[in-house]
Amino acid sequence: VAKNVAEALLAEAAAANEPPDQVMVFSLEMSRADVALRMLASETGIPSDDIRAGRISVANGSTLLLARNYLRGLPLIIRDRKGMTLGDVRTEAMVGVRRKRVKLIVIDHLHRIAADAGRRGDELQRVSAATEGLKNLAGLLNVPILLLAQASRRTETREDARPKISDIRYAGEADADNVILLWRPELYMPTTPPEQPARLTEAQRIDANTAWWAKRNAMKG
């Protein structure tokens with residue numbers, strides 16, 4: 001999302017012949033190098049494990065170089081300082097909006113935001129304070145904040161693994177304008193067609209299996 005918005009901002013700026021607005025990402029779990037590696041893998045289609053291990057052909061090397069230069073040119077600011085508190089995020093976000101024309105803030109993720117000094121409480125209180133503070137910050141800056149949150153593993157044990165808002169750990173979802181739950185049915189679909197009833201003719205079995213494979217293929221990605 002951050003990359004796509006940065007690309008759009010860059011295109012708008014080029015059309016207007018002006019400096020681009022920026023996207024600011026707080027990566028509180030992964031380092032900036034890890035984020036860059038994943039972006040390179042996504043941009044080129046080369047597996048990140050191959051990039052990390054140096055298993056790169058000459059052709060792939062040229063592709064990676066072009067992708068790296070392209071990504072470096074995007075108006076994307078990545079902050080990866082560990083242990084950032086809500087106060088730290090607020091300060092950097094305010095500076096970014098006022099000095100660097102930040103138009104979108106992405107935070108990865110909610111449960112990595114540390115408690116401010118002097119504040120005590122359990123996990124629920126800490127997260128609630130963070131979501132309330134970020135909601136107020138978005139209003140103050142008039143900039144959207146996309147806040148990632150970790151889902152519970154309970155979804156894996158249910159017959160229907162489709163996520164629900166209640167699956168988000170201490171999410172403070174009442175402070176959100178919108179909650180988006182990612183769902184990949186491809187991961188939960190069997191790898192082979194179900195056994196067909198004995199009453200079906202051979203032609204009906206073929207039709208049923210063909211329809212099943214078409215449905216599975218349509219879910220990919």
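**Helix packing, a pocket and a sheet**

Me: So α2 passes α4 in a right-handed crossing. At what angle do α2 and α4 pack?
Reply: Bear in mind that this is a predicted model. The axes of α2 and α4 are 10 Å apart. As for the angle between the two helices, it's about 120°.

Me: Which class gives 6 residues to the contact of α2 with α4?
Reply: From α2 you've got M39, L40, E43 and T44, and they meet T63, L64, A67, R68, Y70 and L71 in α4. Sort those residues by class and you get 2 charged, 2 polar and 6 nonpolar. The class with 6 is nonpolar.

Me: What is the volume of the second largest pocket?
Reply: Its lining takes two or more residues from each of α2 (32–44), α4 (58–72) and β2 (76–79). Among the lining residues are M39, L40, R68 and L71, and these also sit in the contact of α2 with α4. By class the lining has 8 nonpolar, no polar and 4 charged residues. The volume of this pocket is about 340 Å³.

Me: Which strands stand at the edges of the sheet, and why is one side of each left without a neighbour?
Reply: The open sheet runs β2-β1-β3-β4, with parallel pairing. An edge strand has a single partner, so one side of it is left without a neighbour in the sheet. The two edge strands are β2 and β4.

Me: Which residue in β3 is the bridge partner of V23?
Reply: β1 (22–27) and β3 (102–108) run parallel, joined by 6 bridges. Helix α1 lies across β1, β2 and β3. For V23, the bridge partner in β3 is L104.

Note on methods. Residues numbered from 1 in each chain as written. Predicted model: local features only at pLDDT ≥ 70, side-chain atom pairs only at ≥ 80, totals over all residues. Heavy atoms only, no water. 1 Å grid on protein atoms, 1.4 Å probe; cavity = no way out; pocket = protein on both sides within 12 Å on 5 of 7 lines; lining within 4 Å. Points joined across faces, edges and corners; volume = space filled by probe spheres on them. Helix = DSSP H or I, 4+ residues; strand = E, 2+ residues; numbered from the N terminus. Nonpolar A, V, L, I, M, F, W, Y, C, P; charged D, E, K, R; others polar. Axes fitted to C-alpha atoms, helices over the stretch in contact; angles between N-to-C directions. Left-handed = near helix turned anticlockwise from the far one by under 90°. Contact = heavy atoms within 4.5 Å. Pairing = 2+ DSSP bridges.
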